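Trainee: Before I use this model, I would like to go through it with you.
Mentor: Put your questions one at a time.

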Amino acid sequence: MYLRRLLTPRRFKKVVKRLIFALTACLISFILFFSKFWGRHSDNTVKELSAFPGMISGAGQQDLRYGDENTVAVPVSNAVLNVHVWRMQCGSNVAYLKKSLFFPKYPDQEKFINEFQVEDDSVDYGQKIFGYLHPQSNGLYRFAIASDDTSELWISTDEYPENKRLVARVFSEKEIAWTRKDELDKYPEQKTKKPLYLQANTKYYVEVLHQQGIYKGFVRVFWTISDKDEDLRLITSQYLSPFLQNTTHITKKKVALHNVLSQRYQQEFQKQSDRISSKFVKFYSLPFISKANFLTSCYYNSSFVARTKVHRNKGVTMVFESSVFPPDDTQMSNAPELGRWGSPNRVADSEVIRSVVHSLVAALRLSSSKNYTLKRIHKVLQKPDPVYGDRFSVDLELGLPHTEKSYRFSEHVYQKKGTNSLCLPKGIEWNRNVTVYIILPVKDQGRWVYHFINGLTVASLLTGDKNFHVIVADFESQDIDFAKAFDTALLRSRHTIINLTGKFYKTLALNKAVEQVPSAHDLLFLFDLHIDVPVDILDSVRKNTIEGRIAFFPTVGRLDCQSTYIDHQGHWEIYGYGLLAVYKSDWIRFGGMNAEEFKYKWGGEDWDLLDRIVNAQLEVERIKYPGLYHHYHTKQEMWS
């Protein structure tokens, strides 16, 4: 009876439907279980394929080995990708990211994404997007990438990063490469040249490197999901899983900086030793020749000392750059439109300089009864004055017959207008033994503090100059451990840290730091971050700064993105007066920085300072200083 009811056409259809539903549910459960089991226990190796065909030839690769303990397989249903980001990374080429000292080990930021695309509207950053690709059927797959700016797509032959190969990229040798979001045919290497054979139930390591300069940045990766599919589609979450299941707890910035940069001076020392003439460096350790009274003394007058008060922002009218001899390496650009902003220092007339040098050597011979000979003109600065005459800052390497010994002659001499004779200008006497106090205001710029430390260390090692002290005025920096950073044989006893609170306040920081300088007769050097430390800067600061008479404002060169002191492409800050060498007694006399008017922003405080220096009747010495280069950096999120 029951069986007859069951077999009626209407009831039979219902039973069949329920049976099919039950079987389908069982099948789905089995597939999900098998997928989890395979993802956890499969060795995921590609036995039939040793390397993909169709790779971009000539592309280098990096060994980014991670320990197995960091590789966590996860169900495909929970798929995401890891993203590591490096901020304040200028330029538009992926090559710049690869050259970063902090890549790939120390990212600034970690995050996940749930499909193969990232959008980031900030500027100057590079990123690595990485994880696993899970094809769900055997076959030939094609890939493509779109990005703004440049990018590279790497895919491994298996699950291991060290076997990855470059398969596509947004790249151009002639221009900054970029595409629109769905533009896949702008550059010839955006798509894989040949399909890649992938196996189901196998995971493949995949990685994208992306570098963004300015404007709105993004990167997107596409594929065909089977060998029969002709349409390139965005790779979505069901085919992806992370390389790292959880964030890896980014190394604290202060630890990362110390690990990467604390010993960097060793490589920099070698680079500078290789490129700088040994004669140039040895000059600073030569014994001095005392000037004694080999020339008569004379009164010194200058057209560049104010006789009457200058009005606001008019101090620049009293500034005149000196000429140099021999020519120096201060060309920063060949672009005609930059004019003096890109051109080198003026070169003094060689006949004039050689005449001055000849007269000095002859006078030394007469006054000392020693037959000094000229070995080399190290450096001469000429401050031409059409009214009163020219001042020369002369650095010579001299010798004596029948000996290989060398001696240093470094003095200021004066040639009055209308005469050919030289004299020693009264009051223009430099103190070769004065301690230079380098003043450095800081707020969360740990990387550049290490840059300063390394540069200063190299300069000291090369010249032997240890007569300095660094005073750091810090506003609660969180990215550097100052005690650790300055705990070196050279700097341990040559630094002071002043702890300040609140918002970055540059003018106040400078005034507070100067208060710590012990003597009014000590020499101040107001420095800044992001700037290279020239090898001879301490000596030049002493030589070109005269207490009560001369303040030294070396001109800083501002580098283009990715330029360094080697090629030094950029422009000179002709109207920037942020770096200053002056004696503390003069600082007290003109009142230091204007901390009332210039508080939490800057721009104008240097001209205000220059006005008061000129009104204190100090002459300004100024040249474009070779090696004194300010590195390009983004200003986004700096100094709070």
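The exchange below takes up confidence, disulfides, salt bridges, a sheet and two helices.

Trainee: What average pLDDT does the protein have?
Mentor: This is a predicted model, and confidence is given residue by residue. Of the residues, 85% score at least 70. The average pLDDT of the protein is 87.

Trainee: Which stretches have pLDDT below 50 or under 50?
Mentor: Where pLDDT is low, the predicted coordinates should not be read in detail. One stretch has 38 contacts beyond near neighbours in sequence, and another has 41 contacts beyond four places in sequence. The stretches are residues 1-54 and residues 57-79.

Trainee: How many disulfides are there, and which pattern do they follow?
Mentor: Cys90 is joined to Cys561, with an S to S distance of 2.2 Å. Cys298 and Cys423 form a disulfide with sulfur atoms 1.9 Å apart. The count is two disulfides, and with bonded cysteines counted along the chain the pattern is 1-4, 2-3.

Trainee: How many residues apart in sequence are Cys90 and Cys561?
Mentor: The disulfide of Cys90 and Cys561 is right-handed, with 100° about the S-S bond. Cys90 is in the loop between β1 and α3, and Cys561 is in the loop between β25 and β26. The pair thus links distant parts of the chain, 471 residues apart.

Trainee: Are Cys298 and Cys423 buried or exposed, and what is the hand of their disulfide?
Mentor: Cys298 lies in strand β14 and Cys423 in the loop between β18 and β19, 125 residues apart. Both cysteines, Cys298 and Cys423, are buried. The torsion about their S-S bond is about 65°, so the disulfide is right-handed.

Trainee: Which parts of the chain does the salt bridge of Asp120 and Arg87 tie together?
Mentor: The side chains of Asp120 and Arg87 meet at 3.0 Å, N to O. Asp120 is buried at 9% relative accessible area, whereas Arg87 is partly exposed at 28%. Their positions lie 33 residues apart in sequence, so the pair ties together strand β3, which holds Asp120, and strand β1, which holds Arg87.

Trainee: Which residue forms a salt bridge with Lys181?
Mentor: Lys181 is partly exposed at 35% relative accessibility. The N to O distance in its salt bridge is 2.8 Å. The partner is Glu119.

Trainee: Is Glu411 buried or exposed?
Mentor: Arg432 forms a salt bridge with Glu411, their closest N and O atoms being 3.6 Å apart. Arg432 is in the loop between β19 and β20, and Glu411 is in strand β18. Arg432 is partly exposed at 29% relative accessible area. Glu411, at 5% relative accessibility, counts as buried.

Trainee: How many salt bridges does the whole structure have, and which residues are linked in a network?
Mentor: A search of the whole structure gives 24 salt bridges. The residues linked in a network of salt bridges are Lys383, Arg391, Glu619 and Glu621.

Trainee: What is the strand order of the three-strand open sheet?
Mentor: β25 and β26 pair in the antiparallel sense over three bridges, with Leu559 opposite Gly570 in β26. β25 and β29 run parallel and are joined by three bridges, where Thr555 has Lys624 as its partner in β29. The pairing is therefore mixed, and the order is β26-β25-β29.Trainee: Which strands are at the edges of this sheet?
Mentor: Neighbouring strands of the sheet are turned by 30° against each other on average, direction ignored. An edge strand here pairs on one side only. The edge strands are β26 and β29.

Trainee: Why is helix α13 described as largely enclosed?
Mentor: The buried residues of α13 include Leu609, Leu610, Ile613 and Val614. Among the elements covering them are α10, β24 and α12. Eight of the 11 residues of α13 are buried, so the helix is largely enclosed by the rest of the structure.

Trainee: How many residues of α10 are buried?
Mentor: The buried residues of α10 pack against elements including β20, β22, α12 and α13. Among these buried residues are Ala509, Leu510 and Val514. The helix is mostly covered, and the count of buried residues is seven of its 10.

Technical notes:
Residues numbered from 1 in each chain as written. Predicted model: local features only at pLDDT ≥ 70, side-chain atom pairs only at ≥ 80, totals over all residues. Heavy atoms only, no water. pLDDT = per-residue confidence, 0-100. Contact = heavy atoms within 4.5 Å. Buried < 20%, exposed > 50% of the residue type's maximum accessible area, 1.4 Å probe, protein only. Helix = DSSP H or I, 4+ residues; strand = E, 2+ residues; numbered from the N terminus. Pairing = 2+ DSSP bridges. Salt bridge = Lys/Arg side-chain N within 4 Å of Asp/Glu carboxyl O. Axes fitted to C-alpha atoms, helices over the stretch in contact; angles between N-to-C directions. Disulfide = S-S within 2.5 Å.
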